[in-house]
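Student: I would like a close look at a single part of this structure. Please take me through it step by step, and then place it in the wider picture.

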2 protein chains.
Amino acid sequence: MARIVVDVMPKPEILDPQGKAIVRALPHQGVTVFSGVRQGKRFELEVDGEVTDEILATAREAAETMLSNPVIEDVVNVSVIDDVEA
Amino acid sequence: MARIVVDVMPKPEILDPQGKAIVRALPHQGVTVFSGVRQGKRFELEVDGEVTDEILATAREAAETMLSNPVIEDVVNVSVIDDVEA
């Protein structure tokens, strides 16, 4: 089994309330080294068998049209993982 | 500016209703090549200046203790991105 990873992040100009909440909370936990935090999504798409170029193209299209909202989010990564763990 | 990426996924044995919803919806869009979908989170932590080993260790600890729920989630990746875009 192979997996395709799709990473989606809020566009830089879009407010990210979850990230903002985290960056404000960290100093209360003694963590002051991070000047900003953005929170996005990571999808793992499981493929039975080998990931062909066609399947990868399908994943890229699904990432752009179904797994992300192109108005507010960017697909920052679509790549193959070949290990079986997780 | 550098960024540290933290990827968090639901543990394999944990039900993932968002992933399940996606894998059921894809065939309605004509996408039938994916046998499973899991949805997790991707965090980008911004660091002013260089990412030292100490800062990376801080990120790993924050990932395990604050950015994920160790009961139901695994931290699957903590790594540095050095580009400036996004």
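Tutor: What follows goes from one strand to a nearby loop and then to the contact between the chains. Bear in mind that this is a predicted model.

Take strand 1 of chain A, residues 2-10. Nine of its nine residues are buried, so the strand is largely enclosed by the rest of the structure. The side chains split into two sets. Ala2(A), Ile4(A), Val6(A), Val8(A) and Pro10(A) point one way. Arg3(A), Val5(A), Asp7(A) and Met9(A) point the other way. Both sets are buried.

Now the pairing. Strand 1 of chain A pairs with strand 2 of chain A, residues 36-47, in the antiparallel sense. Seven bridges join them. Ile4(A) stands opposite Leu45(A) of strand 2. Strand 1 of chain A also runs antiparallel to strand 3 of chain A, with eight bridges. There, Val6(A) has Val78(A) as its bridge partner.

Next, a residue that touches this strand. Ser68(A) is in the loop between helix 2 (53-67) and strand 3 (73-81) of chain A. Its relative accessible area is 7%; the cut-off for buried is under 20%, so Ser68(A) counts as buried. Leaving aside neighbours within four places in sequence, its contacts are Val8(A), Ala63(A), Glu73(A) and Val75(A). Val8(A) is one of the strand 1 residues. The side chain of Ser68(A) also reaches backbone oxygens. That of Ala63(A) lies 2.7 Å from a polar atom of the side chain. That of Glu64(A) is reached at 3.4 Å.

Then the partner chain. Chain A and chain B bury about 2,800 Å² between them, and carbon and sulfur atoms give 69% of that area. Phe34(A), Arg42(A) and Glu46(A) supply 22% of the area that chain A buries against chain B, more than any other three residues. The contact takes 31 residues from chain A and 31 residues from chain B.

Charge plays a part here too. There are two salt bridges between the chains. In one of them, Arg42(A) meets Asp7(B) at 3.1 Å, N to O. Strand 1, strand 2 and helix 2 of chain A each give two or more residues to the side that touches chain B. Strand 2 of chain A gives the most, with 12 residues.

Last, the symmetry. A turn of 180° with a shift of 0.0 Å along the axis lays chain A on chain B, at an RMSD of 0.0 Å. The two copies are thus related as by a two-fold rotation axis. In chain A, the C-alpha nearest that axis belongs to Lys41(A), at 2.2 Å. The copies meet through the same surface, because 100% of the interface residues of chain A are also interface residues in chain B.

Methods: Residues numbered from 1 in each chain as written. Chains lettered and ligands numbered in written order. Predicted model: local features only at pLDDT ≥ 70, side-chain atom pairs only at ≥ 80, totals over all residues. Heavy atoms only, no water. Least-squares fit on C-alpha atoms with pLDDT ≥ 70 in both. Contact = heavy atoms within 4.5 Å. Helix = DSSP H or I, 4+ residues; strand = E, 2+ residues; numbered from the N terminus. Buried < 20%, exposed > 50% of the residue type's maximum accessible area, 1.4 Å probe, protein only. Polar contact = N/O pair within 3.5 Å; in protein donor to acceptor, adjacent residues only side chain to side chain. Pairing = 2+ DSSP bridges. Buried area = accessible area lost by both parts, 1.4 Å probe. Salt bridge = Lys/Arg side-chain N within 4 Å of Asp/Glu carboxyl O.
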